[in-house]
Amino acid sequence: MTLPATAAPAVTPAPDERARAVVTGIGVVAPSGIGVDAHWRTVSGGIRRTGPITLFDPTGYPTRVGGEVPGFHPAAYVDTRQLVQTDRWTQLGFAATALALADAGLPARAPDPYAWAVTLASSSGGNLFGQRELQRLWGGPSRTVGAYQSIAWFYAASVGQLSIHHQFKGPSGVLVAEAAGGLDSLAHAVRTIRRGTSVVIAGATECPLSPYALACQLRSGLLSAVDEPAAAYRPFDRAAGGYVPAEGGAVFVVEEREHAVARGARIYGEVTGWAATHDAVHTGPDTAGDPATYARAMRLALARSGSTPDEVDLVVPDALGVPRYDRSEATALRTVFGDRPPPVSTHKSLTGRAHQGGSALDVATALLAFHHDTLPASAGPVEAAPGCELGFLRAPRRPEHRVALVCARGFDGFNSALVLRGAVPTPRNATD
(Lines give C-alpha, C1' and ligand atoms only; values in the text may rest on other atoms or scores of the structure.)
Protein backbone atom coordinates (compact mmCIF):
# COMPACT_ATOMS: atom_id res chain seq x y z
CA MET A 1 0.00 0.00 0.00
CA THR A 2 1.30 3.42 -0.92
CA LEU A 3 0.91 6.00 1.75
CA PRO A 4 0.09 9.58 0.70
CA ALA A 5 2.94 12.02 0.87
CA THR A 6 2.77 14.37 3.83
CA ALA A 7 3.43 18.07 3.63
CA ALA A 8 6.69 19.30 5.04
CA PRO A 9 6.28 21.03 8.39
CA ALA A 10 6.11 24.78 8.23
CA VAL A 11 9.37 26.51 9.09
CA THR A 12 9.14 29.61 11.21
CA PRO A 13 11.44 32.26 9.74
CA ALA A 14 14.06 33.82 11.97
CA PRO A 15 13.01 37.21 13.31
CA ASP A 16 14.17 40.11 11.17
CA GLU A 17 15.26 42.77 13.63
CA ARG A 18 15.61 45.22 10.75
CA ALA A 19 11.92 45.05 9.87
CA ARG A 20 10.17 48.31 10.66
CA ALA A 21 6.58 48.58 11.87
CA VAL A 22 4.51 51.59 10.91
CA VAL A 23 0.94 52.65 11.67
CA THR A 24 -1.16 53.12 8.54
CA GLY A 25 -4.67 53.15 9.99
CA ILE A 26 -6.34 54.49 13.13
CA GLY A 27 -9.84 53.67 14.30
CA VAL A 28 -11.20 55.66 17.25
CA VAL A 29 -14.44 54.83 19.06
CA ALA A 30 -14.32 56.78 22.30
CA PRO A 31 -16.06 59.48 24.33
CA SER A 32 -14.11 61.92 22.15
CA GLY A 33 -16.16 60.72 19.19
CA ILE A 34 -16.28 58.11 16.47
CA GLY A 35 -13.44 58.40 13.96
CA VAL A 36 -10.11 60.21 13.96
CA ASP A 37 -11.55 63.58 12.92
CA ALA A 38 -14.01 63.67 15.82
CA HIS A 39 -11.28 62.64 18.27
CA TRP A 40 -8.89 65.31 17.03
CA ARG A 41 -11.57 68.00 17.29
CA THR A 42 -12.14 67.03 20.91
CA VAL A 43 -8.44 66.99 21.80
CA SER A 44 -7.41 70.12 19.91
CA GLY A 45 -10.47 72.00 21.13
CA GLY A 46 -10.18 70.89 24.76
CA ILE A 47 -13.83 69.79 24.73
CA ARG A 48 -14.97 67.83 27.78
CA ARG A 49 -16.93 64.70 26.86
CA THR A 50 -17.60 63.15 30.26
CA GLY A 51 -21.03 63.32 31.86
CA PRO A 52 -23.61 61.38 33.87
CA ILE A 53 -23.50 57.61 33.29
CA THR A 54 -26.48 56.50 31.17
CA LEU A 55 -25.66 52.87 30.30
CA PHE A 56 -27.27 51.92 33.62
CA ASP A 57 -28.77 53.76 36.58
CA PRO A 58 -25.84 54.78 38.80
CA THR A 59 -28.07 56.13 41.58
CA GLY A 60 -26.72 54.88 44.88
CA TYR A 61 -23.11 54.64 43.67
CA PRO A 62 -20.61 57.24 44.88
CA THR A 63 -19.29 57.57 41.29
CA ARG A 64 -21.93 58.67 38.80
CA VAL A 65 -19.85 60.39 36.11
CA GLY A 66 -18.26 58.52 33.20
CA GLY A 67 -17.13 58.74 29.61
CA GLU A 68 -19.49 57.12 27.08
CA VAL A 69 -19.19 56.88 23.29
CA PRO A 70 -21.70 59.36 21.82
CA GLY A 71 -24.12 58.11 19.19
CA PHE A 72 -22.73 54.58 19.06
CA HIS A 73 -25.10 52.16 17.33
CA PRO A 74 -23.61 48.64 17.29
CA ALA A 75 -25.86 47.49 14.44
CA ALA A 76 -23.99 49.86 12.13
CA TYR A 77 -20.84 47.77 12.55
CA VAL A 78 -21.99 44.34 13.74
CA ASP A 79 -24.44 41.98 12.02
CA THR A 80 -27.43 40.48 13.82
CA ARG A 81 -25.74 37.15 14.50
CA GLN A 82 -22.71 38.83 16.05
CA LEU A 83 -24.85 41.22 18.07
CA VAL A 84 -26.39 38.41 20.10
CA GLN A 85 -22.99 36.79 20.65
CA THR A 86 -21.01 39.79 21.84
CA ASP A 87 -20.69 42.36 24.61
CA ARG A 88 -20.60 46.10 23.97
CA TRP A 89 -16.82 46.03 24.55
CA THR A 90 -16.38 43.68 21.57
CA GLN A 91 -18.85 45.69 19.49
CA LEU A 92 -16.71 48.78 20.10
CA GLY A 93 -13.76 46.71 18.90
CA PHE A 94 -15.62 45.75 15.71
CA ALA A 95 -16.30 49.42 15.00
CA ALA A 96 -12.75 50.60 15.74
CA THR A 97 -11.25 47.84 13.60
CA ALA A 98 -13.54 48.60 10.66
CA LEU A 99 -12.60 52.29 10.90
CA ALA A 100 -8.87 51.48 11.12
CA LEU A 101 -8.95 49.21 8.06
CA ALA A 102 -10.86 51.80 6.06
CA ASP A 103 -8.45 54.52 7.20
CA ALA A 104 -5.53 52.38 6.04
CA GLY A 105 -7.15 51.67 2.68
CA LEU A 106 -7.25 47.93 3.34
CA PRO A 107 -10.11 45.52 2.63
CA ALA A 108 -12.41 44.26 5.38
CA ARG A 109 -11.31 40.66 4.75
CA ALA A 110 -7.64 39.73 4.70
CA PRO A 111 -6.61 38.74 1.15
CA ASP A 112 -3.75 36.68 2.61
CA PRO A 113 -5.19 35.44 5.93
CA TYR A 114 -2.01 33.90 7.32
CA ALA A 115 -0.07 37.13 6.71
CA TRP A 116 -2.51 39.17 8.83
CA ALA A 117 -2.97 38.93 12.59
CA VAL A 118 -4.77 40.60 15.48
CA THR A 119 -3.38 41.27 18.96
CA LEU A 120 -5.49 43.39 21.29
CA ALA A 121 -5.32 44.21 24.97
CA SER A 122 -8.11 43.35 27.38
CA SER A 123 -8.83 44.01 31.03
CA SER A 124 -12.23 43.13 32.39
CA GLY A 125 -13.99 41.46 29.47
CA GLY A 126 -17.70 41.53 28.68
CA ASN A 127 -19.16 43.12 31.79
CA LEU A 128 -22.56 44.18 30.50
CA PHE A 129 -23.24 40.87 28.77
CA GLY A 130 -22.08 38.82 31.74
CA GLN A 131 -24.09 40.83 34.25
CA ARG A 132 -27.26 40.53 32.20
CA GLU A 133 -26.92 36.76 31.90
CA LEU A 134 -26.05 36.20 35.55
CA GLN A 135 -29.00 38.30 36.65
CA ARG A 136 -31.19 36.08 34.50
CA LEU A 137 -29.63 33.05 36.17
CA TRP A 138 -30.24 34.41 39.68
CA GLY A 139 -33.59 36.07 39.23
CA GLY A 140 -35.20 34.92 35.99
CA PRO A 141 -37.84 32.19 35.81
CA SER A 142 -35.69 30.02 33.52
CA ARG A 143 -32.72 30.02 35.94
CA THR A 144 -30.39 29.75 32.94
CA VAL A 145 -27.82 31.75 31.04
CA GLY A 146 -27.71 32.17 27.26
CA ALA A 147 -25.62 29.97 25.02
CA TYR A 148 -23.10 32.75 24.36
CA GLN A 149 -22.32 33.59 27.99
CA SER A 150 -19.28 31.33 27.89
CA ILE A 151 -17.66 33.28 25.04
CA ALA A 152 -19.03 36.83 25.27
CA TRP A 153 -17.55 37.75 28.69
CA PHE A 154 -14.17 36.05 28.09
CA TYR A 155 -11.26 38.52 27.91
CA ALA A 156 -10.16 37.10 24.52
CA ALA A 157 -13.63 37.42 22.96
CA SER A 158 -12.82 40.48 20.87
CA VAL A 159 -9.70 38.92 19.36
CA GLY A 160 -11.58 35.72 18.56
CA GLN A 161 -14.55 37.46 16.97
CA LEU A 162 -12.39 39.82 14.92
CA SER A 163 -10.09 37.07 13.70
CA ILE A 164 -13.09 35.09 12.45
CA HIS A 165 -14.93 38.03 10.88
CA HIS A 166 -11.91 39.56 9.12
CA GLN A 167 -10.07 36.29 8.47
CA PHE A 168 -6.98 37.19 10.46
CA LYS A 169 -5.27 33.79 10.70
CA GLY A 170 -1.74 34.87 11.52
CA PRO A 171 -0.28 34.60 15.04
CA SER A 172 -2.89 36.33 17.19
CA GLY A 173 -3.34 36.88 20.89
CA VAL A 174 -4.59 39.01 23.75
CA LEU A 175 -2.56 40.92 26.35
CA VAL A 176 -3.79 41.50 29.89
CA ALA A 177 -1.97 44.28 31.77
CA GLU A 178 -4.83 46.68 32.58
CA ALA A 179 -4.07 50.16 31.19
CA ALA A 180 -0.52 49.19 30.21
CA GLY A 181 -1.91 46.59 27.82
CA GLY A 182 -2.89 49.18 25.25
CA LEU A 183 0.80 49.94 24.72
CA ASP A 184 1.94 46.34 25.10
CA SER A 185 -0.32 45.32 22.20
CA LEU A 186 1.58 47.61 19.86
CA ALA A 187 4.93 46.32 21.10
CA HIS A 188 3.74 42.78 20.46
CA ALA A 189 2.58 43.82 17.00
CA VAL A 190 6.11 44.96 16.16
CA ARG A 191 7.54 41.63 17.29
CA THR A 192 4.97 39.79 15.19
CA ILE A 193 5.90 41.83 12.13
CA ARG A 194 9.58 41.10 12.69
CA ARG A 195 8.70 37.41 12.61
CA GLY A 196 7.22 37.72 9.13
CA THR A 197 3.60 38.89 9.46
CA SER A 198 2.71 41.77 7.12
CA VAL A 199 -0.27 43.34 8.91
CA VAL A 200 -1.23 43.27 12.59
CA ILE A 201 -4.34 44.81 14.13
CA ALA A 202 -3.40 46.19 17.57
CA GLY A 203 -4.82 48.45 20.26
CA ALA A 204 -7.73 48.06 22.67
CA THR A 205 -11.27 48.97 23.61
CA GLU A 206 -13.02 48.73 26.96
CA CYS A 207 -16.47 49.02 28.50
CA PRO A 208 -16.24 49.14 32.31
CA LEU A 209 -19.64 50.80 32.76
CA SER A 210 -21.92 48.25 34.37
CA PRO A 211 -23.03 47.89 38.00
CA TYR A 212 -20.64 44.99 38.58
CA ALA A 213 -17.70 46.68 36.82
CA LEU A 214 -18.23 49.92 38.70
CA ALA A 215 -18.43 48.07 42.02
CA CYS A 216 -15.11 46.35 41.25
CA GLN A 217 -13.46 49.68 40.47
CA LEU A 218 -14.87 51.33 43.58
CA ARG A 219 -13.16 48.71 45.71
CA SER A 220 -9.79 50.18 44.74
CA GLY A 221 -10.67 53.54 46.29
CA LEU A 222 -9.27 55.32 43.21
CA LEU A 223 -12.51 56.54 41.61
CA SER A 224 -13.71 60.13 41.80
CA ALA A 225 -16.88 60.81 43.78
CA VAL A 226 -17.42 64.30 42.32
CA ASP A 227 -20.72 64.71 40.45
CA GLU A 228 -19.74 67.76 38.43
CA PRO A 229 -18.09 66.49 35.18
CA ALA A 230 -15.83 69.53 34.85
CA ALA A 231 -14.36 68.90 38.31
CA ALA A 232 -14.54 65.12 38.58
CA TYR A 233 -11.26 64.09 36.91
CA ARG A 234 -8.28 66.43 37.24
CA PRO A 235 -4.90 64.67 36.85
CA PHE A 236 -1.86 66.41 38.36
CA ASP A 237 -4.11 69.16 39.77
CA ARG A 238 -4.35 70.37 43.35
CA ALA A 239 -8.02 69.36 43.20
CA ALA A 240 -7.35 65.82 41.92
CA GLY A 241 -9.42 63.22 43.73
CA GLY A 242 -9.61 60.12 41.55
CA TYR A 243 -10.39 59.04 38.01
CA VAL A 244 -13.61 58.83 36.01
CA PRO A 245 -14.28 55.49 34.25
CA ALA A 246 -14.80 55.47 30.48
CA GLU A 247 -15.50 53.12 27.60
CA GLY A 248 -14.00 52.93 24.13
CA GLY A 249 -10.46 53.16 22.85
CA ALA A 250 -8.52 52.90 19.61
CA VAL A 251 -7.43 50.20 17.17
CA PHE A 252 -4.49 50.48 14.76
CA VAL A 253 -3.32 48.90 11.55
CA VAL A 254 0.36 48.16 12.19
CA GLU A 255 2.12 47.22 8.99
CA GLU A 256 5.55 46.13 7.84
CA ARG A 257 7.02 49.28 6.33
CA GLU A 258 7.99 47.84 2.94
CA HIS A 259 4.55 46.30 2.61
CA ALA A 260 2.98 49.69 3.33
CA VAL A 261 5.28 51.57 0.94
CA ALA A 262 4.68 49.05 -1.84
CA ARG A 263 0.95 49.69 -1.78
CA GLY A 264 1.34 53.46 -1.45
CA ALA A 265 -0.15 53.65 2.04
CA ARG A 266 -0.28 56.84 4.08
CA ILE A 267 1.96 56.39 7.14
CA TYR A 268 1.17 58.11 10.45
CA GLY A 269 4.35 57.09 12.18
CA GLU A 270 6.61 54.27 13.32
CA VAL A 271 6.81 52.34 16.59
CA THR A 272 10.52 52.61 17.34
CA GLY A 273 10.87 51.53 20.96
CA TRP A 274 9.01 50.00 23.86
CA ALA A 275 9.59 48.53 27.30
CA ALA A 276 7.63 47.07 30.19
CA THR A 277 8.53 46.68 33.85
CA HIS A 278 6.64 45.56 36.95
CA ASP A 279 6.52 46.82 40.52
CA ALA A 280 5.59 43.41 41.98
CA VAL A 281 3.11 45.15 44.31
CA HIS A 282 -0.68 44.97 44.35
CA THR A 283 -2.57 48.22 43.98
CA GLY A 284 -3.87 49.22 47.39
CA PRO A 285 -4.79 52.16 49.60
CA ASP A 286 -1.17 52.86 50.47
CA THR A 287 0.54 52.16 47.12
CA ALA A 288 1.53 54.71 44.50
CA GLY A 289 3.63 52.75 42.04
CA ASP A 290 7.41 52.63 42.10
CA PRO A 291 8.74 55.68 40.22
CA ALA A 292 12.16 54.07 39.75
CA THR A 293 10.68 50.99 38.07
CA TYR A 294 8.40 53.17 35.96
CA ALA A 295 11.31 55.40 34.93
CA ARG A 296 13.27 52.30 33.92
CA ALA A 297 10.55 51.40 31.41
CA MET A 298 10.73 54.90 29.93
CA ARG A 299 14.53 54.82 29.68
CA LEU A 300 14.55 51.38 28.09
CA ALA A 301 11.95 52.40 25.53
CA LEU A 302 13.94 55.50 24.59
CA ALA A 303 17.20 53.57 24.37
CA ARG A 304 15.66 50.88 22.17
CA SER A 305 14.24 53.54 19.91
CA GLY A 306 17.60 55.24 19.50
CA SER A 307 16.12 58.48 20.89
CA THR A 308 17.25 60.68 23.76
CA PRO A 309 15.06 62.60 26.21
CA ASP A 310 16.12 65.86 24.51
CA GLU A 311 14.49 64.68 21.28
CA VAL A 312 11.08 64.01 22.81
CA ASP A 313 8.52 66.56 21.60
CA LEU A 314 5.59 65.12 23.51
CA VAL A 315 4.97 62.98 26.58
CA VAL A 316 1.49 61.53 27.01
CA PRO A 317 1.36 60.25 30.61
CA ASP A 318 -0.87 57.75 32.38
CA ALA A 319 -2.51 60.61 34.35
CA LEU A 320 -4.50 58.57 36.86
CA GLY A 321 -5.78 61.61 38.73
CA VAL A 322 -5.04 60.14 42.18
CA PRO A 323 -2.66 62.53 44.01
CA ARG A 324 -0.11 59.97 45.21
CA TYR A 325 0.00 58.27 41.79
CA ASP A 326 0.31 61.61 39.99
CA ARG A 327 3.27 62.58 42.21
CA SER A 328 4.87 59.20 41.59
CA GLU A 329 4.49 59.58 37.83
CA ALA A 330 5.87 63.13 37.89
CA THR A 331 8.88 61.86 39.86
CA ALA A 332 9.50 59.14 37.26
CA LEU A 333 9.34 61.66 34.41
CA ARG A 334 11.73 64.06 36.14
CA THR A 335 14.11 61.15 36.74
CA VAL A 336 14.21 60.44 33.00
CA PHE A 337 14.27 64.03 31.71
CA GLY A 338 16.52 65.55 34.35
CA ASP A 339 16.79 69.33 34.26
CA ARG A 340 14.67 69.63 31.14
CA PRO A 341 10.94 69.75 32.01
CA PRO A 342 9.25 66.98 30.01
CA PRO A 343 6.75 68.43 27.50
CA VAL A 344 3.52 66.86 28.83
CA SER A 345 0.04 66.91 27.33
CA THR A 346 -2.83 64.84 28.69
CA HIS A 347 -6.47 64.69 27.63
CA LYS A 348 -7.91 61.97 29.85
CA SER A 349 -9.87 64.54 31.83
CA LEU A 350 -11.85 65.18 28.62
CA THR A 351 -12.78 61.55 28.03
CA GLY A 352 -12.36 59.61 31.28
CA ARG A 353 -10.03 56.68 31.87
CA ALA A 354 -10.83 53.72 29.62
CA HIS A 355 -8.21 51.38 31.11
CA GLN A 356 -6.35 49.63 28.23
CA GLY A 357 -8.50 51.51 25.73
CA GLY A 358 -7.32 54.79 27.24
CA SER A 359 -3.61 54.15 26.62
CA ALA A 360 -4.41 53.10 23.05
CA LEU A 361 -6.32 56.36 22.68
CA ASP A 362 -3.21 58.23 23.89
CA VAL A 363 -1.23 56.62 21.05
CA ALA A 364 -3.88 57.82 18.59
CA THR A 365 -3.54 61.35 20.00
CA ALA A 366 0.25 61.33 19.59
CA LEU A 367 0.11 60.03 16.01
CA LEU A 368 -2.59 62.52 15.04
CA ALA A 369 -0.54 65.34 16.57
CA PHE A 370 2.27 64.54 14.16
CA HIS A 371 -0.18 64.04 11.29
CA HIS A 372 -1.60 67.53 11.90
CA ASP A 373 1.87 68.93 12.67
CA THR A 374 0.48 70.30 15.94
CA LEU A 375 1.15 69.29 19.53
CA PRO A 376 -2.15 69.94 21.33
CA ALA A 377 -2.32 71.89 24.55
CA SER A 378 -2.82 69.83 27.68
CA ALA A 379 -6.33 69.70 29.13
CA GLY A 380 -4.98 70.56 32.56
CA PRO A 381 -3.99 70.91 35.27
CA VAL A 382 -5.43 74.28 36.20
CA GLU A 383 -2.97 74.46 39.09
CA ALA A 384 -0.35 71.75 39.37
CA ALA A 385 -0.28 69.94 42.69
CA PRO A 386 2.95 70.05 44.72
CA GLY A 387 5.34 67.52 43.26
CA CYS A 388 3.50 67.50 39.91
CA GLU A 389 5.22 70.49 38.32
CA LEU A 390 5.95 69.36 34.78
CA GLY A 391 6.25 71.07 31.41
CA PHE A 392 2.54 70.99 30.59
CA LEU A 393 1.86 72.36 27.13
CA ARG A 394 -0.30 75.44 27.70
CA ALA A 395 -0.69 76.25 23.99
CA PRO A 396 -0.41 74.25 20.76
CA ARG A 397 2.97 74.20 19.07
CA ARG A 398 4.70 72.47 16.21
CA PRO A 399 6.86 69.40 16.84
CA GLU A 400 10.59 69.66 16.27
CA HIS A 401 11.95 66.10 16.33
CA ARG A 402 8.65 64.25 15.78
CA VAL A 403 9.24 61.89 18.74
CA ALA A 404 6.58 61.03 21.32
CA LEU A 405 6.79 59.02 24.53
CA VAL A 406 3.49 57.46 25.62
CA CYS A 407 3.37 56.03 29.15
CA ALA A 408 0.86 53.85 30.97
CA ARG A 409 0.55 52.06 34.29
CA GLY A 410 -1.76 49.16 34.93
CA PHE A 411 -3.15 48.31 38.34
CA ASP A 412 -1.11 45.83 40.36
CA GLY A 413 2.26 47.03 39.16
CA PHE A 414 2.35 47.10 35.36
CA ASN A 415 4.43 49.85 33.71
CA SER A 416 4.80 50.35 29.96
CA ALA A 417 6.34 52.98 27.70
CA LEU A 418 6.16 53.31 23.93
CA VAL A 419 8.16 55.58 21.62
CA LEU A 420 6.67 56.79 18.35
CA ARG A 421 8.37 58.68 15.54
CA GLY A 422 5.86 60.61 13.50
CA ALA A 423 6.00 60.68 9.75
CA VAL A 424 6.52 64.02 8.05
CA PRO A 425 3.03 65.19 7.13
CA THR A 426 2.03 65.78 3.54
CA PRO A 427 1.68 69.43 2.53
CA ARG A 428 -1.60 70.93 3.65
CA ASN A 429 -2.78 71.41 0.07
CA ALA A 430 -2.09 67.78 -0.81
CA THR A 431 -4.48 64.87 -0.39
CA ASP A 432 -3.75 61.67 1.47
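**Close-up views of cavities, a pocket and local backbone features**

**View 1. The second largest cavity and its lining.** About 40 Å³ of space lies in the second largest cavity of this predicted model. Its walls are formed by Trp89, Leu120, Ala121, Ser122, Tyr155, Ser158, Val159, Val174, Ala204 and Thr205. Two or more of these lining residues come from each of strand S5 (116-122), helix H6 (157-166) and strand S7 (199-206). Strand S5 gives the most, with three residues. By class, the lining of the second largest cavity comprises seven nonpolar residues, three polar residues and no charged residue.

**View 2. The largest cavity and its lining.** The structure holds two cavities of 30 Å³ or more, and the largest cavity encloses about 60 Å³ of space. The residues that line the largest cavity are His39, His347, Lys348, Thr351, Gly352, Gly358, Leu361, Asp362 and Thr365. Helix H13 (348-351) and helix H14 (356-371) are the elements that give two or more residues to this lining. The largest share, four residues, comes from H14. In the lining of the largest cavity, six residues are polar, two are charged and one is nonpolar.

**View 3. The largest pocket.** The largest pocket of the model has a volume of about 700 Å³. It is lined by 27 residues, of which Ser124, Tyr212, Ala213, Cys216 and Gln217 are the closest to the centre of the pocket. Helix H4 (127-139) and helix H8 (211-218) each supply at least two residues of the lining. The largest share of the lining of this pocket is that of H4, with five residues. When the lining of the largest pocket is sorted by class, 13 residues are polar, 10 are nonpolar and four are charged.

**View 4. The packing of helix H7 with helix H14.** Helix H7 (residues 181-194) packs with H14 at an angle of about 60 degrees, and the two axes are 6 Å apart. This angle makes H7 oblique to H14. On the side of H7, the contact is made by Gly181, Gly182, Leu183 and Leu186. On the side of H14, Gln356, Ser359, Ala360 and Val363 take part. The contact of H7 with H14 consists of four nonpolar residues, four polar residues and no charged residue. Helix H14 also appears in View 2, as the element with the largest share of the lining of the largest cavity.

**View 5. The surroundings of Val315.** Val315 is part of strand S10 (residues 314-316). The relative accessible area of Val315 is 0%, and since this is under 20% the residue counts as buried. Apart from neighbours within four places in sequence, Val315 is in contact with Leu333, Phe337, Pro342, Pro343, Val344, Ser345, Leu405 and Cys407. Gly391 is 76 residues from Val315 in sequence, while the C-alpha to C-alpha distance between Val315 and Gly391 is 9.5 Å.

**View 6. The loop between S10 and helix H12, with Ala319.** Ala319 is placed in the loop between S10 and helix H12 (323-337). Most residues other than glycine have a negative phi. Ala319, by contrast, has a positive phi, near 55 degrees. Ala319 has a relative accessible area of 0% and is therefore classed as buried, the limit being under 20%.

**View 7. The loop between H14 and strand S12, with Asp373 and Pro381.** Asp373 lies in the loop between H14 and S12. Phi of Asp373 is positive, near 55 degrees, in a residue other than glycine. Asp373 has a relative accessible area of 9%; because buried means under 20%, Asp373 is buried. Pro381 is likewise found in the loop between H14 and strand S12 (391-392). Most peptide bonds are trans. The bond from Gly380 to Pro381, however, is cis, with omega near 0 degrees.

Note on methods. Residues are numbered from 1 along each chain as its sequence is written. This is a predicted model: local features need pLDDT of at least 70, side-chain atom pairs count only at pLDDT 80 or more; totals for chains, interfaces and linings use all residues. Side-chain values use heavy atoms; hydrogens and water are left out. On a 1 Å grid over the protein atoms alone, a cavity is a set of points where a 1.4 Å probe fits but cannot get out, and a pocket is an open set with protein on both sides within 12 Å along at least five of seven lines; lining residues have an atom within 4 Å of a point. Grid points are joined across faces, edges and corners, and a volume is the space filled by probe spheres set on the points. Ala, Val, Leu, Ile, Met, Phe, Trp, Tyr, Cys and Pro count as nonpolar, Asp, Glu, Lys and Arg as charged, and the others, Gly among them, as polar. Buried means under 20% relative accessible area, exposed over 50%, partly exposed in between (1.4 Å probe, protein chains only). Contact means heavy atoms within 4.5 Å. Axes are lines fitted to C-alpha atoms, for helices over the stretch in contact, and angles run from 0 to 180 degrees between N-to-C directions. Angles under 35 degrees count as roughly parallel, over 145 as roughly antiparallel, 65 to 115 as roughly perpendicular and the rest as oblique.
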